[in-house]
Amino acid sequence: SSVDGVLYDYDKSTLVKCPDDYHVNYSTLNVPSSVRTLQAGAFDGWLNFEANMRGLVINLPSTIVNMNIADNFIFYATSEININGNSQFVSDNGVLFNRDKSIIYRLPLAYAKTSYSIPNTVSTVADYFSYGNSRVLDVTVPSSVTRVGMNAFASDSKYAFKTINLDSSESLVFDATSFAVMVYPNESITSRSRTINVRNTNLKGRLENTYASVPYGFVVNKVG
């Protein structure tokens, strides 16, 4: 069955697919309380920074038990993802976390503010945390964070994450994609740049070594 182009299974217990351009015609999606599962890729969009600056408010019911979080809300034009009263997930100002806020899952692509501070309850920044974000210019990562996942801050620095304030210790777990700027086939990005401010000298060295050969400006400053 479908409602306003959103596809569900026969009894509306699974949301199968929300159209990529749903935000063009609607500002809000209230997912029915009958929904228990978001199918993998149900909220999966396309990379268009300008178009994604106008996002969709998604209100999810407390009844959801399977969000397939690894495969949803990546490149999808959302401004808020709201859920409360759920046993696994919670939202705070439209940002999606696990229940105890130790994992931060998604900062919406079209998040309304240009600055964001991750709460100090968070220890893990999930893979694709804000992959392709188009709005947030600077973000602060607290000392409580011990792991930053794949492509967590991967975006075009023309639009987002020009500055990352990283308060984590030298033992922070990350990889070569975690703080990377998006690279496009057959397009020079030498004019792009990203600045990371750290408080730990050894972490500064690790970041500089990891991103030494990237084809864009990558500056790591020791502060504090």
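**Rings, charges and a cavity in a predicted model**

Colleague: How many aromatic pairs does a search of the whole structure find?

Modeller: Keep in mind that this is a predicted model. The search covers the whole structure, and its count of aromatic pairs is 11.

Colleague: Are the rings of Y22 and Y26 stacked or edge-to-face?

Modeller: Look at the centres and the planes. The ring centres of Y22 and Y26 lie 4.5 Å apart. Planes under 30 degrees apart count as stacked. The planes here are at 20 degrees, so the pair is stacked.

Colleague: Does Y22 count as buried or exposed?

Modeller: Buried means under 20% relative accessible area. Y22 has 5% relative accessibility, so Y22 counts as buried.

Colleague: And what does Y26 count as, at 31% relative accessibility?

Modeller: Buried needs under 20%, exposed needs over 50%, and partly exposed is in between. At 31%, Y26 therefore counts as partly exposed.

Colleague: Which aromatic pair has 4.4 Å centre to centre?

Modeller: This pair is stacked, with 20 degrees between the planes. One partner, Y211, is buried, with a relative accessible area of 3%. The other, F218, also counts as buried, at 16% relative accessibility. The pair is Y211 and F218.

Colleague: Which residues form one aromatic cluster?

Modeller: Here the grouping goes beyond a pair. The cluster is formed by F129, F153, F161, F174 and F179.

Colleague: Over which ring does the charged end of K101 sit?

Modeller: Take K12 as a first example: its charged end sits over the ring of Y8, 5.8 Å from the ring centre. For K101, the distance to the ring centre is 5.5 Å. That ring belongs to F97.

Colleague: How much space lies in the largest cavity?

Modeller: Rolling a probe the size of a water molecule over the atoms shows where empty space is left. The search of the whole structure finds one cavity of 30 Å³ or more. The space in the largest cavity is about 40 Å³.

Colleague: How many nonpolar residues are in the lining of the largest cavity?

Modeller: The lining includes F73, I74, R106, S130 and Y131. F129, from the aromatic cluster, is also one of the lining residues. By class, one residue is polar, one is charged, and the nonpolar ones number 10.

Colleague: What radius of gyration does the chain have?

Modeller: The chain has two helices and 17 strands. With 224 residues, a compact globule would have a radius of gyration near 17 Å. The chain agrees with that, at 18 Å.

Colleague: What share of the residues of the chain count as buried?

Modeller: The C-alpha trace spans about 55 × 40 × 25 Å along its principal axes. Of the 224 residues, the buried share is 50%.

Definitions and conventions:
Residues are numbered from 1 along each chain as its sequence is written. This is a predicted model: local features need pLDDT of at least 70, side-chain atom pairs count only at pLDDT 80 or more; totals for chains, interfaces and linings use all residues. Side-chain values use heavy atoms; hydrogens and water are left out. Rings of Phe, Tyr and Trp (its six-membered ring) pair if their centres lie within 6.5 Å; planes under 30 degrees apart count as stacked, over 60 as edge-to-face and the rest as tilted. Buried means under 20% relative accessible area, exposed over 50%, partly exposed in between (1.4 Å probe, protein chains only). A charge sits over a ring if NZ of Lys or CZ of Arg is within 6 Å of the ring centre and within 35 degrees of the ring normal. On a 1 Å grid over the protein atoms alone, a cavity is a set of points where a 1.4 Å probe fits but cannot get out, and a pocket is an open set with protein on both sides within 12 Å along at least five of seven lines; lining residues have an atom within 4 Å of a point. Grid points are joined across faces, edges and corners, and a volume is the space filled by probe spheres set on the points. Ala, Val, Leu, Ile, Met, Phe, Trp, Tyr, Cys and Pro count as nonpolar, Asp, Glu, Lys and Arg as charged, and the others, Gly among them, as polar. Helices (H or I, at least four residues) and strands (E, at least two) are DSSP runs, numbered from the N terminus. The radius of gyration is taken over C-alpha atoms; the globule rule is 2.2 Å times the number of residues to the power 0.38.
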